[in-house]
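Hi, thanks for asking me to go through this one with you. Below are my notes as numbered points, moving from the whole chain down to single residues.

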Amino acid sequence: MTIPLVYHPDYSFPFPSRHRFPMEKFARLAAFLRGQNILTADNCYRPGPCRQQWLTQTHCPDYLQRFYRNTQSDKERRQMNLPWSEGLVKRTFLAPSGTVLTAQLALQHGIACHLAGGTHHAHHDYASGFCILNDLAIAANVLARQNGGLQVLVFDCDVHQGDGTAALLRTEPRAFTCSIHCKQNFPFTKQHSDWDIELPAGTGDQAYLDIVRSTLLAAIEKVQPDIVLYDAGVDVFKGDPLGQLQITESGIRQRDNLVLSELKKAQIPVATVIGGGYDDDRDTLARRHA
């Protein structure tokens, strides 16, 4: 089986190299996968700009316009913590569409992977934690409204809580948010997901993998999802500068294998996003995401 992979060359664009957010990781991830003959012309899908209807059923229209026109307040720019540019605008309105496309492909093929996404800190009318629009919430809202309403499980294993996703989907009964994250880490004011698992700093591989497995199986049993949106953040890595957990690369590989294998066994479609990862060695980071 060839897995559909979703990518757009505008996901990476000229960006300050010393910035904490590794904007070039998307292009390096795609290049690595091409080099492994995993990303090919036959399985690469390119999204278009996100539909306005998809955006406005999750985010504030005035906020969208302020960002698009670069008329945000100083406070909003500080919250965004990314330098505004036309390149940033282009990728910001592409990436959520990429996650929606990935979900639609997953429904057809059983699995599909987005080589971006996981911007789970963005809220209704403000950016946070390098996240401007919340692709997970946008995709969940699209899925919840199609085919009479699909039941969506957002399974978030990024090291940081998916606070924006929790807030944005709180009143959507067809979306269940589950976040497994480091308790002591950003955001320091947490939201209430439908299910939060808070890990102490320093948690290692075995305890982590046991929790991921038991939580996933319980969530599947409880939610009976039609599709899972899986945020496979690699900022759980023990050397990640924004991490605080002690997960090895082997542990990350085992986690992803566990999640995808259990969902395949349960015959539940899964759409993956790459989530966070902030290693200063960008090539190593790209391979970790791969």
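1. A word on surface first: accessible areas here come from the Shrake-Rupley method with a 1.4 Å probe. On that basis, the protein chain exposes about 12400 Å², and carbon and sulfur atoms supply 48% of that area. Please keep in mind as you read that this is a predicted model.

2. On the overall fold, the protein chain holds 10 helices and 8 strands. Its radius of gyration is 17 Å, close to the 19 Å that the globule rule gives for 290 residues, so the chain is as compact as a globular protein of that length. The C-alpha trace spans about 45 × 45 × 45 Å along its principal axes.

3. How much of the chain is buried? Of the 290 residues, 56% count as buried. As for contacts with a separation of 6 or more, 73% of them come from residues 24 or more positions apart.

4. Charges are next. The protein chain carries 29 positive and 30 negative side chains. The centres of these two sets lie 3 Å apart.

5. Helix α6 deserves a look of its own. Spanning residues 135–144, helix α6 is mostly covered, with 10 of its 10 residues buried. Among them are D135 and N141, alongside L136, I138, V142 and L143. At the N-terminal end of α6, N134 acts as a cap: one of its side-chain oxygens lies 3.2 Å from the backbone nitrogen of L136.

6. Which residues does G118 touch, beyond its neighbours within four places in sequence? G118 is in contact with D135, L136, D231, V273 and G275. D135 and L136 are also among the buried residues of α6. G118 itself sits in the loop between β3 and α6 and is buried, because its relative accessible area is 7% and the cut-off for buried is under 20%. If you want a distance to check, G118 and G251 are 133 residues apart in sequence and 20 Å apart in space, C-alpha to C-alpha.

7. T102 is a polar residue worth clicking on. T102 belongs to helix α5 (residues 86–109) and, at 1% relative accessibility, counts as buried. Setting aside neighbours within four places in sequence, its contacts are V6, A112, C113, H114, A271 and T272.

8. L263 makes a good companion to that point. This residue lies in helix α9 (residues 249–265) and counts as buried at 0% relative accessibility. Not counting residues up to four places away in sequence, L263 touches L216, I220, V228, I268 and V270. One of these partners, L216, is 47 residues away along the chain, and the C-alpha atoms of L263 and L216 are separated by 9.0 Å.

9. Now for the backbone. Most residues other than glycine have a negative phi, and most peptide bonds are trans. With that in mind, which bond is cis? The peptide bond from F186 to P187 is, with omega near -5 degrees. P187 is found in the loop between β5 (175–182) and β6 (195–199).

10. Two residues with positive phi should be on your list as well. N70 has a phi of about 60 degrees although it is not a glycine, and N70 is found in the loop between α3 (61–69) and α4 (74–80). F130 has a phi near 70 degrees, again positive in a residue other than glycine, and F130 is placed in the loop between β3 (111–114) and α6. Are these two residues buried or partly exposed? N70 counts as partly exposed at 29% relative accessibility, whereas F130 counts as buried at 13%.

11. Last, a residue with some surface. K238 lies in the loop between β7 (227–231) and α9 and is partly exposed, with a relative accessible area of 46%. Leaving aside neighbours within four places in sequence, K238 is in contact with L245, Q246, I247 and T248. How far is K238 from R91 in space, C-alpha to C-alpha? K238 and R91 are 29 Å apart, with their positions 147 residues apart in sequence.

Conventions
Residues are numbered from 1 along each chain as its sequence is written. This is a predicted model: local features need pLDDT of at least 70, side-chain atom pairs count only at pLDDT 80 or more; totals for chains, interfaces and linings use all residues. Side-chain values use heavy atoms; hydrogens and water are left out. Helices (H or I, at least four residues) and strands (E, at least two) are DSSP runs, numbered from the N terminus. The radius of gyration is taken over C-alpha atoms; the globule rule is 2.2 Å times the number of residues to the power 0.38. Buried means under 20% relative accessible area, exposed over 50%, partly exposed in between (1.4 Å probe, protein chains only). Contact means heavy atoms within 4.5 Å. Lys and Arg count as positive and Asp and Glu as negative; His and the chain ends are not counted. The place of a charge is taken as NZ of Lys, CZ of Arg, CG of Asp or CD of Glu. A polar contact is a pair of N or O atoms within 3.5 Å; within protein, one must be able to donate a hydrogen and the other to accept it, and residues adjacent in sequence count only if both atoms are side-chain atoms.
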